[in-house]
Amino acid sequence: MNARSQNKLVMQHVLIFKTNIATVQARSKVAPLLDQQSFIEKWTVDMEDVDCVLRVVAAEPVPDRIIALINASEYECAELED
Amino acid sequence: MRYRDENKIQAIRESAIEMVVKDGLENFGINRLAKAAGVSPATIYIYYKDKEDLLTSISTEEALKMTRATLKDFNPEMGFEEGLWIQWKNRAAFSLDNHQSVNFFEQLRNSMYKEKMLETISHEFHSAMGSYVHNAVKRGEIREMPLEVYWSVAFAPLYSLIKFHNEGRSLDGRKFKFSEKIMKETFDCVIKGIMK
C-alpha cells in the first residue's frame, strides 16, 4: 500500500507543536481540553524534549484550533515547522 | 497534507542506529538525531511520538530483519544437520553483513527495548526453532538436553569465530579471518558432538 492510499483510508493528520507543557501538572491541565475534542484521535507530549513537543493525530488539519485550545489554558503553543 | 516519506524514514532509522551504536542509549535524543539525519525535529515527530516510541519501533524492525534473515530457506521439518547448516550460514551472513545491527542489539542489552523486542520476535522464531529441535529429538538425531546446553554446543562456536573475525585476531593475537571453510570445519565438529 502506498502512502497516498493509506492517508485516504484513515484520513489522519499528524500535527506537531512546540509548547511549554513541561511537567505532568501542566500536561494534566491541558488534557481535559484536548480529550474533549472529537476531531482529536490521540495526542502526546514529549516532556523530555526541549521543545516539549505536542503531537496530535487529528481527523482534520486544523493547527490553529489546537493552538487556541492550548493558549486558552495559558500555555504556549506554536506549530513546529519542517 | 504530509505524506509518508520513505527516504526520510530510512535516513532517520539509519542515523538512529548509528547514534545508539556510537554514543549509547543514554545520550540519544530527538534533536541530536534530527541534526544527524538531516531532517527537522518536527519531521521525526510526524512518525514517532517520542524517543521511546522511536527506539521501540526501530529495535523491533531490526529484530524482525534478523529473524527473517536467520530463518531464510529454513524449515523446521528439515533433518537436523541440514537445518543447522542453513542456520549457521544465515547467522554468519547476517552477523558479517550487518555490523551496525549487531552492535545496536549489543547496546540494547539490559534495556527495556530488549524486552519489547524479544516479545515481538519470540513467537515467529521460537515456534520454528522449537519444533525443529523437537522433531530432531523425536527422530532420534539428537538427545533431549537443556536449551542452554543445546545453544552452547550448536551455536556458540559459530559466534566465537565471528568474534575472532571482527577483532581480526584469535588467541594470543594470532591473525584470523573468517571463511566458509573454517566455518564448515567447526560445524563438522559440532555435528559430531551433538548428534547421536
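What share of the contacts in chain A with a separation of 6 or more comes from residues 24 or more positions apart? The figure is 64%, and the first view shows the fold behind it.

**View 1. Chain A of this predicted model, seen as a whole.** Welcome to chain A, which has three helices and four strands. Following the sequence from start to end, you will meet them in the order α-β-α-β-β-α-β. The chain has 82 residues, and 24% of them count as buried.

**View 2. Strand β1(A) and its pairing partners, β3(A) and β4(A).** Start with the pair β1(A) and β3(A), which run antiparallel and are joined by five bridges. One contact point to look for here is I16(A), whose bridge partner in β3(A) is R55(A). Now turn to strand β4 of chain A, residues 77-79, which pairs with β1(A) over three bridges, again in the antiparallel sense. For this pairing, find K18(A) and its bridge partner A78(A) in β4(A). As a reminder while you look along the strands, side chains in a regular strand alternate between the two faces of the sheet.

**View 3. The side of chain A that touches chain B.** Here 19 residues of chain A are in contact with 14 residues of chain B. On the chain A side, the elements that give two or more residues are α1 (3-10), β1 (13-19), β2 (40-46) and β3 (53-58). Which of the elements gives the largest share of this side? That is α1(A), with four residues. Sorted by class, this side of chain A has eight charged, seven nonpolar and four polar residues.

**View 4. Helix α7(B) from end to end, with its kink.** Helix α7 of chain B covers residues 112-138, which is 27 residues. At 1.5 Å a residue it should span 39 Å, and because its end C-alpha atoms are 37 Å apart, the expectation and the model agree. Along the way there is a kink of about 50°, centred on S122(B). After the helix comes G140(B), with a positive phi near 80°.

**View 5. The buried residues of α7(B) and what covers them.** Five names are worth labelling in this close-up: Y113(B), M117(B), Y132(B), V133(B) and A136(B) are the buried residues of α7(B). An α-helix has 3.6 residues a turn, so residues three or four places apart point the same way. The cover over the buried residues of α7(B) includes α4 (51-70), α5 (80-97), α6 (99-108) and α8 (147-154) of chain B.

**View 6. The packing of α4(B) against α5(B).** The axes of these two helices are 8 Å apart, and the helices pack at an angle of about 140°. From α4(B), the contact is made by M66(B), A69(B) and T70(B). From α5(B), Q87(B), N90(B), R91(B) and F94(B) take part. By class, the residues of this contact are three nonpolar, three polar and one charged.

**View 7. The surroundings of A16(B).** You will find A16(B) in helix α1 of chain B, residues 6-23. Is A16(B) buried or exposed? A16(B) is buried, because 24 other C-beta atoms lie within 10 Å, where 20 or more are needed. Leaving out residues up to four places away in sequence, A16(B) touches L33(B), L54(B) and I58(B). Of these, L33(B) is 17 residues from A16(B) along the chain, and their C-alpha atoms are separated by 6.3 Å.

Terms used: Residues numbered from 1 in each chain as written. Chains lettered and ligands numbered in written order. Predicted model: local features only at pLDDT ≥ 70, side-chain atom pairs only at ≥ 80, totals over all residues. Contact = placed C-beta atoms within 7 Å. Nonpolar A, V, L, I, M, F, W, Y, C, P; charged D, E, K, R; others polar. Expected span 1.5 Å × (residues − 1). Bend = angle between axes of the 7 residues up to and from the residue. Buried ≥ 20, exposed ≤ 12 C-beta atoms within 10 Å, placed from the backbone. Pairing = 2+ DSSP bridges. Axes fitted to C-alpha atoms, helices over the stretch in contact; angles between N-to-C directions.
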